[in-house]
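Here's a quick briefing to read alongside the sequence and the model. Have a look at the fold, then go through the notes by topic.

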Amino acid sequence: MLKAIGGIVLGYIALMVFFFGVFTGLYLALGPERVFQPGTFQISMLWLVLALVGALVAGVLAGLVCHAVSRNLRVCRVFAIIVFLLAIVVCLPVMMADQAPQPRGSEPLPTMEAMQRGQAPIWMHLLSAALSGGGVLLGARLKRE
């Protein structure tokens, strides 16, 4: 039981560290002009693609870690469901917020403020949650083989 809980906790930590580290670096490398559409906080197609690929890779990494610790595919399946549901729950307030484009000035934004004010289409949140959960399953299967 301890290995199962440890696998889930360490897998989730790996997912979050990867996700925040990579996306903070990408935001700093690309800058707000390539992350957002001109004059708004709506995210660009480039960022949409990077976010979806990042969600899948983060899920795979989390699945690898979870399986390496728990050594149990059933635990990884439960973890995949947890990742999917947590991603949906975290995104619910964002998905329920006003989707009208918010104007963005030309002043530089701190990374955390940009993350909070960025506006993604609702379908992106759902697809990202599915890719993260699916990535966990894929990572667990890769580790098993």
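Leaving aside neighbours within four places in sequence, which residues is Ser44 in contact with? The answer is Arg34, Val35, Phe36 and Gln37, where contact means heavy atoms within 4.5 Å.

A word on the ground rules: this is a predicted model, so local features need pLDDT of at least 70 and side-chain atom pairs count only at pLDDT 80 or more, while totals for chains, interfaces and linings use all residues. Residues are numbered from 1 along each chain as its sequence is written, and side-chain values use heavy atoms, with hydrogens and water left out.

**Overall picture**

- The chain has 6 helices and 0 strands, and from the N terminus on its elements read α-α-α-α-α-α. Helices (H or I, at least four residues) and strands (E, at least two) are DSSP runs, numbered from the N terminus.
- Along the principal axes, the C-alpha atoms fill a box of roughly 50 × 30 × 20 Å.
- Of the 145 residues, 39% count as buried. Buried means under 20% relative accessible area, exposed means over 50%, and partly exposed is in between (1.4 Å probe, protein chains only).
- Among contacts with a separation of 6 or more, 79% come from residues 24 or more positions apart.
- About 8,100 Å² of the chain is exposed, and carbon and sulfur atoms supply 73% of that. The areas come from the Shrake-Rupley method with a 1.4 Å probe; for residues, only the protein chains shown count as cover.

**Charges and salt bridges**

- The chain carries 10 positive and 5 negative charges, and their mean positions are 23 Å apart. Lys and Arg count as positive and Asp and Glu as negative, with His and the chain ends not counted; each charge is placed at NZ of Lys, CZ of Arg, CG of Asp or CD of Glu.
- Side chains of opposite charge can pair when their charged atoms come close.
- The salt bridge count is 2, the rule being a side-chain nitrogen of Lys or Arg within 4 Å of a carboxyl oxygen of Asp or Glu.
- One of them joins the side chains of Arg104 and Glu33 (3.1 Å, N to O). This pair links distant parts of the chain, with Arg104 in the loop between H4 and H5, Glu33 in helix H2, and their positions 71 residues apart.
- Arg104 is buried because its relative accessible area is 10%, whereas Glu33 has 54% and so counts as exposed.
- Arg117 and Glu113 also meet in a salt bridge (3.1 Å, N to O). Both residues lie in helix H5, 4 residues apart, which is about one turn of the helix.
- Arg117 is partly exposed at 32% relative accessibility, and Glu113 is partly exposed at 28%.

**Loops**

- Ser44 sits in the loop between helix H2 (32–35) and helix H3 (45–70). With a relative accessible area of 10%, Ser44 is buried.
- Arg71 is in the loop between H3 and H4, and its phi is near 55°, a positive value in a residue other than glycine.
- Most residues other than glycine have a negative phi.
- Arg71 is exposed, at 60% relative accessible area.
- Ala97 is found in the loop between helix H4 (73–96) and helix H5 (111–117), and its 38% relative accessibility makes Ala97 partly exposed.
- Ser106 belongs to the loop between H4 and H5, and Ser106 is exposed, with a relative accessible area of 74%.
- Ser106 and Glu33 are 73 residues apart in sequence, yet 9.0 Å apart in space, C-alpha to C-alpha.

**Helix H6 and the nonpolar patch**

- Gly135 lies in helix H6 (residues 122–144) and is buried, with a relative accessible area of 0%.
- Not counting residues up to four places away in sequence, Gly135 touches Leu56, Gly59 and Val60.
- Gly135 and Ala58 are 77 residues apart in sequence and 7.2 Å apart in space, C-alpha to C-alpha.
- On the surface, Met1, Ile5, Val9, Leu10, Ile13 and Val17 form a nonpolar patch, together offering about 610 Å² of accessible area. Patch members have over 30% relative accessible area and no salt bridge; like charges are joined within 9 Å, nonpolar side chains (Val, Leu, Ile, Met, Phe, Trp, Tyr) within 5 Å.
- Val9 lies in helix H1 (residues 2–30) and, at 42% relative accessibility, Val9 counts as partly exposed.
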